[in-house]
Amino acid sequence: MISFAAPWVLPALLAAAVPILLHLFARREPPEVEFPAVRYLSETARVHQHRLNLQHLLLLLARTLLVVVLVLAAAGPSAPSGSAGQHASTALVLVLDNSLSSGVTAGGVATLDRLREVARGVLDRATPADALWLVTADGVPRRGPPGDLRQIIDTLTASPRRLDLGETLGLARDVLAGEQLPGEVMLVSDLQGSAVTPARGAGPVTVVRPEPAVPPNAGIAAVSAGPQPWTAAGGAITVFLAGADTTGVPLSVTVGPRRARQALAAPERPVTLPLQVGERGWVPVTVELAPDELRADDRWSLMLRVAPPARVRWNSADRYLAAAFDVLREGGRVAPGTEMVIGELGPGPSLVLPPEDPARLGALNRTLAARGISWRYGARSAVPARTDSSALLGS
């Protein structure tokens, strides 16, 4: 296919009609006068007139072709001839989508390998006069000659970063905005549905997608371990899956060095698994799915903090504290003890609440001063006010 470096010049081809119009309007029919003495020259005149008409047509054709050639030369035509580098200078931003979905294997070939092959073919047709950029999943435009960009492509792997195709196309158009050469964006991607978003700006975009259909995939989207620390009695984790495989995927949970649970999960049905943890401290937990063609999202690891319940003493006469700590004690979060005192100032670590009787504030503040604590309780304020803690508590 023929392309032009300056296609805006092509409308000037209309100037080729100027010689034709001049030829038509400049034709003059000579007057005819019959002289008996020159009738024998009629045949000779007809032959001469045919020769003149032929000369005029050839001259008209030459003038018209001259105008067409000049306009096409100014437009900079180019056409592929089977060898690299036979095109006008161009500014090209090559977007290679090596996000996580490019790690899918279809037909025994990784999608990233197919994308990489297309990108290499684009760079093979580039010339040193072209302005080239490469944008991958990290979203950073890299400018360089074809050889340097090809080396980057050869070392690419599937990245866990999500490539927003709409935002990336807008970035590519911003890059081309400062170039004087004709610009184009080429997107080489598997066009994962969640990555296709509206793009800002305007300009030509060529999209290349691998032919094989992407197989269904299920991956771990998130794992929740609930409130921590866990007690020795254990707790529960919830596994959320994402993907198109709704038939159910086997998963296993490993706590520390041993496999604890197995279950069947699906993207639309989160699974909650109760776990027993005997160790204390930080315990590694790994959730794994049965491997599919996209392996990078089949494993999730996290750390659990396991600790005994806090030993707390609270004022059982305060019905609000008593109700709250009864719930915490039944859940195994706290146990009676002296590690911490809640509601009043004890001999060790304490969470102090202001006394209901204002007359006791003075004694409480003196006790805080004796402990070396710098802040004090002030008088109660009945007027609504908005301030920070320093203004209320003092320094």
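A residue is called buried here when its relative accessible area is under 20%, and exposed when that figure is over 50%. Keep those cut-offs handy for the tour, and remember that you are looking at a predicted model.

**The whole chain**

Start with everything selected. The chain has 8 helices and 20 strands. Of its 395 residues, 31% are buried. Colour by surface if you like: the accessible surface is about 24400 Å², and carbon and sulfur atoms account for 59% of that. Take contacts between residues at least 6 apart in sequence, and 62% of them join residues at least 24 apart.

**Stop one: helix α6**

Select residues 319-330, which form helix α6. A quick ruler check works well here: at 1.5 Å a residue, these 12 residues should span 16 Å, and the end C-alpha atoms are indeed 16 Å apart, so the two agree.

Now show side chains for L321, A322 and F325, which are buried. Look down the axis of α6 and the buried residues sit within an arc of 95°, so they line one face of the helix. An α-helix has 3.6 residues a turn, so residues three or four places apart point the same way.

What do the buried residues of α6 pack against? Add β17 (310-314), β18 (334-336) and β19 (340-343) to the selection, and you have their packing partners. Then spin to the other side of α6, where R319, Y320, V327 and E330 are exposed. Before leaving, click G332, which follows α6 and has a positive phi, near 80°.

**Stop two: strand β3**

Next, select residues 91-96, strand β3, where 6 of the 6 residues are buried. Show the side chains: A91, V93 and V95 point one way, while L92, L94 and L96 point the other, and all are buried.

Which strands pair with β3? Bring in β6 (residues 131-135), which runs parallel to β3 and pairs with it over 5 bridges. Across that pairing, A91 stands opposite A131. Then add β8 (residues 183-188), also parallel to β3 and joined to it by 6 bridges. Here V95 stands opposite L187.

**Stop three: G235**

Finish at G235, in strand β11 (residues 235-243). Is G235 buried, exposed or partly exposed? Its relative accessibility is 24%, so G235 counts as partly exposed. Select its contacts next: leaving aside neighbours within four places in sequence, G235 touches W230, L273, P274 and L275. For a last distance, pick the C-alpha atoms of G235 and A225: they are 10 residues apart along the chain and separated by 7.8 Å.

Methods:
Residues numbered from 1 in each chain as written. Predicted model: local features only at pLDDT ≥ 70, side-chain atom pairs only at ≥ 80, totals over all residues. Heavy atoms only, no water. Helix = DSSP H or I, 4+ residues; strand = E, 2+ residues; numbered from the N terminus. Buried < 20%, exposed > 50% of the residue type's maximum accessible area, 1.4 Å probe, protein only. Contact = heavy atoms within 4.5 Å. Areas by Shrake-Rupley, 256 points an atom, 1.4 Å probe, with all protein chains shown as cover. Expected span 1.5 Å × (residues − 1). Arc of directions from axis to C-beta. Pairing = 2+ DSSP bridges.
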